[in-house]
Amino acid sequence: MSDPFALDKQRARRSFERAAARYDAAAVLQNEVCRRMLSRLDYVKADPALVLDAGSGTGNALDGLRARYPRARVLALDLALAMAARARARRPWWKQLLDVRGTRLAAVCGDIEQLPFASGRIGMVWSNLALQWIGEPKPAFSEMYRVLVPGGLFLFSSFGPDTLKELRAAFKGIDQHTHVHRFMDMHDVGDRLVASGFADPVMDMEVVTLTYAGVRELMVDLKAIGATNVTRGRPGGLAGKSMLERVARNYEAHRRDGRLPATFEVVYGHAWKPQPRVGPAGRPVIDIKPR
């Protein structure tokens, strides 16, 4: 039996295509996590010549990354073409005109599980709240490891298992379908990093709680940023009025001080692609593993 929590990538792409125009106005949490990630760069020593924003959305990190690394070229990559186009448009047209070679910013539509870049070329991979849209992160981690230069940095954020726990509880017992995504524990994410070859992973998390007047407002916000249900076990059609009323009644058990909370467990991590090991003669040491 197939996993009902497996994600439909094409459906996710379409959802983000539709959300691109209104994403910036609704992405309050995404923008705040982006700012907190940028501040974490104060504590790592890096001077990349080429930075990849993997899962860039509309490019909310691009100005911060370019300001921090003014000599670096920045690549923005997103699965949705409309998102990539908006990231590209963040650079004024007259600056694009002056920069004939396009050395400072480029935007690409692509898949973080199949990066369209040569191996060993990128000094830093940055990924803010994108990994939760691929389910199993190891294929993406392997790709990021591949494109990084030795000594390159991978810095990311994602969502942990307590994310939207109130909404998940409100749907419990409603039917046999999946309504809220499954999110990976940060310790499992760290294990995937090591399994992909990364060294010295550092993981931590924090809980951010947004509050809403009602369930409808929460769902409108999620839809506005493209965060719709794209699990393969989702219901086949639109939710009926009676179902939504039951979910709203169930959610009321969480109301505090006149507001409904929505919990987001934000997982942060960074790790390095290690330098190749060398022997006494300065030649690379290659591990040969038995089959």
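This is a short tour of charged residues and cysteines, stop by stop.

Before you start, note that the model is predicted: local features need pLDDT of at least 70, side-chain atom pairs count only at pLDDT 80 or more, and totals for chains, interfaces and linings use all residues. Residues are numbered from 1 along each chain as its sequence is written, and side-chain values use heavy atoms, with hydrogens and water left out.

**Stop 1: the positive patch.** Select R11, R14, R18, R22 and K223, which form a positive surface patch. Patches are made of residues with over 30% relative accessible area and no salt bridge, like charges being joined within 9 Å; Lys and Arg count as positive. Helix α1 (residues 9-26) contributes the most here, with four residues. Helices are DSSP runs of H or I with at least four residues, and strands are E runs with at least two, numbered from the N terminus. Now pick R18 in helix α1: R18 is exposed at 56% relative accessible area. Exposed means over 50%, buried under 20%, and partly exposed in between, using a 1.4 Å probe and protein chains only.

**Stop 2: a salt bridge from the same helix.** Stay on α1 and select K9 with E113, whose side chains meet in a salt bridge at 2.6 Å, N to O. The term requires a side-chain nitrogen of Lys or Arg within 4 Å of a carboxyl oxygen of Asp or Glu. This pair links distant parts of the chain, 104 residues apart: E113 sits in the loop between β3 (105-109) and β4 (122-128). K9 is partly exposed, at 25%.

**Stop 3: R192 and E136.** Next, show R192 and E136, a salt bridge with its closest N and O atoms 3.0 Å apart. R192 lies in helix α8 (residues 186-195) and E136 in the loop between β4 and α6 (138-147), so the pair ties together parts that are 56 residues apart in sequence. R192 is partly exposed at 23%, as is E136 at 33%.

**Stop 4: more salt bridges.** Select E252 and R255, which pair at 2.7 Å, N to O. Then move to E32, R35, R36 and E206, joined into one network by salt bridges that share partners. The whole structure holds 16 salt bridges.

**Stop 5: a buried arginine.** Go to R66 in helix α3 (residues 62-68). R66 is buried, with 12% relative accessible area. Add L105: the two C-alpha atoms are 8.7 Å apart, across 39 residues of chain.

**Last stop: cysteines.** Select C34, buried at 2%, and C109, partly exposed at 35%. How many disulfides does the whole structure have? The search finds zero, a disulfide being a pair of cysteine sulfur atoms within 2.5 Å.

Note on methods:
Patch = residues over 30% accessible without salt bridge, like charges linked within 9 Å, V, L, I, M, F, W, Y side chains within 5 Å. Areas by Shrake-Rupley, 256 points an atom, 1.4 Å probe, with all protein chains shown as cover. Charge placed at Lys NZ, Arg CZ, Asp CG, Glu CD.
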